[in-house]
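Let's take a walk through this one together, starting from a single backbone detail and working outwards. Have the model open and turn it as you read.

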Amino acid sequence: MVKICCIGAGYVGGPTMAVIALKCPSIEVVVVDISEQRIAGWNSERLPIYEPGLDDVVRQCRGRNLSFSTEVHRHVGDADIVFVSVNTPTKTCGLGAGKAADLTYWESAARMIADVSRSDKIVVEKSTVPVKTAEAIEKILAHNGRGVRYQILSNPEFLAEGTAVQDLFAPDRVLIGGRETPEGRAAVRALKDVYAQWVPEERIITTNLWSAELSKLAANAFLAQRISSVNAISALCEATGADVAQVAHSVGRDARIGPRFLSASVGFGGSCFQKDILNLVYICECYGLPEVAGYWREVIRINDYQKSRFVNRVVSSMFNTVAGKKVAVLGFAFKKDTGDTRETPAIDVCKGLLGDKAVVSIYDPQVTGEQVSRDLAMNKFDWDHPRHLQPLSDTDLAKQVGMAADAYEAARDAHAVCILTEWDEFRGLDYRRMFDAMHKPAFIFDGRNVVDVAKLREIGFVVYSIGKPLDDWLKDMPAVA
Ligand code: NAD
Ligand code: UDX
């Protein structure tokens, strides 16, 4: 029986390995992590991450050919194929701070593999890493190898949170990069055989190592660039009376452009887009390509602009002050169907509102008050270094933030409602009931285009929806970003 061990039981390692175990009953899969809490979660009835369909997959294989363990050394030592799926956040200090990928976790995983291995191994980069990382890893393993031979493969993961299981079941493509040597090609074949148990052969792409590493950064940059493009157009729509949904629909009908990933929003979030583009920018700078670096940096700048534009719109519409006013925030996760809040636009929007002294009442079906408190207490990029945190409860800011049990509680006695995540339940709310319980004029700021603007205006709300024609109230109160 082939044994796979995955280092890192996070949003990628957990679901990816669960699906491999489900689809390949003849492979033993062990997921290891240094976090005891995470592993305990994976071994419990309440998994550490919320992902539709994941409970079912884990239930089918855990205890059969899937296990979760903190015995990192033993399982890595025994494995034939070792996936490395540890976090690769943005560096917060030192050379390249605020841009370069922090490879501390990666390097320590590589050194540990070298320490505990007694048999030849295929080491698979699952984490998103700077191009040429495989070369660095090869060096660490070769210099500490004690006769053990390694083949490094790049197999970046393209799943999106909220649809991870579905993405893993039917990926658009699986990408495997390896050395163009007989040993390298054999390793690529071995990994291809694993995926080929459920992914059609024509969807498994093989490339050289550097192309695979760079393709992941490029794919995320292209996706994020589409959102910044449509968000930039949303600002022009508001200025001109065009409707961004109509523009996106018309643009997306061109088969060369395609309709997906063109929803205007309060800004993209998540642990990947910003981090990976910053990393790309840094790599371009390091290779002496400042024009290319500048091109991609604009994608992030527009995203930051979109978030601050939203806050400015809220404050300027409400007579240029939200001090002491209750504002309901519906949705805190970075997208629907996940409890993940890493780099969620809600953090920047809430911080903006709190900076203007608003009292914020937050409701999200999957995010706890504890998580919100951590996020709002944190500096940019610090979400992967939580040990430096002061809890929000120790600050004055805590008095301005509360959690609500549902949208109606959040909106009670509020002056405004801000929709920051596109949870399906926000489409079907009884907005008349919310209106009746709010101060007047009652405002709705829809950062995800989920509400029916005309209906809400009929109820009596002053409505702002990203990129939609403004009502007269908002035209009279222009927001400057
Ligand atoms: P995560 O933070 O959820 O999980 C990483 C896990 O690795 C943590 O549980 C951590 O404790 C563990 N870890 C760190 N160092 C370790 C070590 N030396 N030994 C054992 N365990 C260790 O991160 P994630 O979201 O799963 O992302 C992992 C990688 O995958 C990143 O490079 C990310 O860019 C990439 N990626 C993420 C997504 C996504 O949607 N989250 C999608 C594609 C790719
Ligand atoms: C992304 C990539 O899609 C995935 O391939 C990669 O493996 C990891 O990074 P993820 O961040 O989980 O996945 O979610 P995604 O669906 O890409 O959404 C990212 C952000 O963009 C979210 O905040 C989402 O709300 C926003 N978004 C997405 C928009 O604002 N508009 C869109 O049209 C699509």
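Start at Lys357, which comes after helix α13 and has a positive phi, near 70°. Bear in mind that what you're looking at is a predicted model.

Now step back into the helix itself. α13 covers residues 345-355, and its buried residues are Pro345, Ala346, Ile347, Asp348, Val349, Cys350 and Leu353. Notice that Asp348 is on that list along with Ile347 and Val349. As a reminder about helices, there are 3.6 residues a turn, so residues three or four places apart point the same way. What do the buried residues of α13 pack against? Their partners are two helices, α12 (290-317) and α14 (369-377), plus the strands β9 (326-330), β10 (359-363) and β12 (416-419).

Zoom out a bit and you'll find that the protein splits into domain 1 (2-199) and domain 2 (241-476). Measuring from centre to centre over C-alpha atoms, the two are 33 Å apart. Where they meet, 18 residues of domain 1 are in contact with 20 residues of domain 2. The domain 1 side of that meeting is a mix of 8 nonpolar, 7 polar and 3 charged residues.

That brings us to ligand 2. Where does it sit relative to the domains? Both domain 1 and domain 2 give residues to the shell around ligand 2, so it lies between them. There are 19 residues around this ligand, and the ones that come nearest are Ser263, Ser265, Phe268, Gly270 and Cys272. By class, the shell has 11 nonpolar, 5 polar and 3 charged residues. Helix α9 (residues 209-240) supplies the largest share of the shell, with 3 residues.

Finally, take in the whole protein. It has 18 helices and 14 strands. Its radius of gyration is 24 Å, close to the 23 Å from the globule rule for 481 residues, so the protein is as compact as a globular protein of that length. Along the principal axes, its C-alpha atoms fill a box of roughly 75 × 45 × 45 Å. Buried residues account for 47% of the 481. If you take the contacts between residues at least 6 apart in sequence, 75% of them join residues at least 24 apart.

And how confident is the predictor in all this? The average pLDDT is 95, with 97% of the residues scoring at least 70. The model's ipTM is 0.98 and its pTM is 0.96.

Notes:
Residues numbered from 1 in each chain as written. Chains lettered and ligands numbered in written order. Predicted model: local features only at pLDDT ≥ 70, side-chain atom pairs only at ≥ 80, totals over all residues. Near = placed C-beta within 6 Å. Helix = DSSP H or I, 4+ residues; strand = E, 2+ residues; numbered from the N terminus. Nonpolar A, V, L, I, M, F, W, Y, C, P; charged D, E, K, R; others polar. Domains from an automatic or database assignment. pLDDT = per-residue confidence, 0-100. Rg over C-alpha atoms; globule rule 2.2 N^0.38 Å. Buried ≥ 20, exposed ≤ 12 C-beta atoms within 10 Å, placed from the backbone. Contact = placed C-beta atoms within 7 Å.
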